Amino acid sequence: MPLEESDNVVGEDYSDARLPGKVWRQRTFTNCVFRDADLTGMTTESVVFDNCDFTGADLGESQHIGSAFRSCNFARTSLWHSTFRNCTLMGSTFDGCRIRPLTLDEVDFSLTSLGGADLRRIDFTSCRFREANLVRTDMRDAILVSADLSGARTGGLKLDGADLRGARVDPGLWTSAVVANAKIELMQAVAYASAHGLVVDL
């Protein structure tokens with residue numbers, strides 16, 4: 001089905017659409033389906049996707065600036081070599097996606113489901129993961145400087161070698177996640193020790 005150039009699209013099915021290199025600005029897509037669509041090299045600026053389905057879609061090498069992907073479904077979606085700047089992915093679900101490498105700049109992952117995702121070595125500086133599902137997520141060697149993981153579910157989260165300096169985390173992360181060789185600040189070290197029943201005399 002050809003994609004109509006309407007500013008507000010609701011409930012349309014664009015499965016298998018071929019739209020490489022498409023440029024969208026200030027548009028809204030609600031309850032739309034992009035299953036197995038070719039969206040490689042796409043650029044979006046201030047575009048809103050509400051409750052859209054990107055199962056099997058190819059978003060490789062795409063760029064997104066100030067766009068919102070709210071409560072969207074990304075299953076087996078290709079996102080590698082894509083860029084998100086000042087975007088929100090709040091409430092979206094990621095399952096079996098090809099994500100790395102990825103470029104991010106102050107992206108909001110609050111309430112997202114990233115359980116089991118491979119996010120190794122990605123730079124998440126100043127990104128937000130409030131109340132996100134990070135159970136068994138692989139964030140080894142990731143950069144999480146000044147990131148916000150408040151309320152995130154972190155059982156089995158792999159943070160080996162990650163840079164957590166300045167990150168906001170709940171006390172439970174220090175016992176639920178694997179943090180071997182992670183970089184942390186003094187007060188984080190105190191919190192880690194306290195979570196493991198140690199008393200630090202500063």
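## Strands and pairing

Two strands count as paired here if DSSP finds at least two bridges between them. With that in hand, let's walk through this predicted model, starting with its sheets.

## The five-stranded sheet

One open sheet is built from 5 strands, lined up as β2-β4-β6-β9-β11, with parallel pairing. At its edges stand β2 (23–25) and β11 (102–105); each has a single partner strand, so one side of each is left without a neighbour in the sheet. From one strand to the next, the twist averages 5°.

Inside this sheet, β4 (residues 43–45) and β6 (residues 63–65) run parallel and are joined by 3 bridges. If you want a spot to look at, find Thr 43, which sits opposite Gln 63 in β6. Further along the order, strand β9 (residues 82–85) pairs with β11 in the parallel sense, this time over 4 bridges. There, Ser 82 stands opposite Leu 102 of β11.

## The edge strand β11

So how do the side chains of β11 point? In a regular strand, side chains alternate between the two faces of the sheet. β11 does just that: Leu 102 and Leu 104 point to one face and are buried, while Thr 103 and Asp 105 point to the other and are not. For reference, buried means under 20% relative accessible area.

## The four-stranded sheet

There's also an open sheet of 4 strands, again with parallel pairing, in the order β1-β3-β5-β7. Its edges are held by β1 (8–10) and β7 (68–70), and since each has a single partner strand, one side of each is left without a neighbour in the sheet. Neighbouring strands here are turned by 5° against each other on average, ignoring direction.

At the β1 end, β1 and strand β3 (residues 28–30) pair in the parallel sense over 3 bridges. Asn 8 has Thr 28 as its bridge partner in β3.

## The cavity

Rolling a probe the size of a water molecule over the atoms shows where empty space is left. Searching the whole structure turns up 1 cavity of 30 Å³ or more, and the largest cavity holds about 90 Å³ of space.

Which residues line the largest cavity? Going along the chain, they are Phe 74, Leu 79, Phe 84, Leu 89, Phe 94, Ile 99, Leu 102, Phe 109, Leu 114, Leu 119 and Phe 124. By type, that lining splits into 11 nonpolar residues, no polar and no charged. Leu 102 turns up again here: this lining residue is also one of the buried side chains of β11, and Ser 82 of β9 stands opposite Leu 102.

Terms used
Residues are numbered from 1 along each chain as its sequence is written. This is a predicted model: local features need pLDDT of at least 70, side-chain atom pairs count only at pLDDT 80 or more; totals for chains, interfaces and linings use all residues. Side-chain values use heavy atoms; hydrogens and water are left out. Helices (H or I, at least four residues) and strands (E, at least two) are DSSP runs, numbered from the N terminus. Axes are lines fitted to C-alpha atoms, for helices over the stretch in contact, and angles run from 0 to 180 degrees between N-to-C directions. On a 1 Å grid over the protein atoms alone, a cavity is a set of points where a 1.4 Å probe fits but cannot get out, and a pocket is an open set with protein on both sides within 12 Å along at least five of seven lines; lining residues have an atom within 4 Å of a point. Grid points are joined across faces, edges and corners, and a volume is the space filled by probe spheres set on the points. Ala, Val, Leu, Ile, Met, Phe, Trp, Tyr, Cys and Pro count as nonpolar, Asp, Glu, Lys and Arg as charged, and the others, Gly among them, as polar. Buried means under 20% relative accessible area, exposed over 50%, partly exposed in between (1.4 Å probe, protein chains only).
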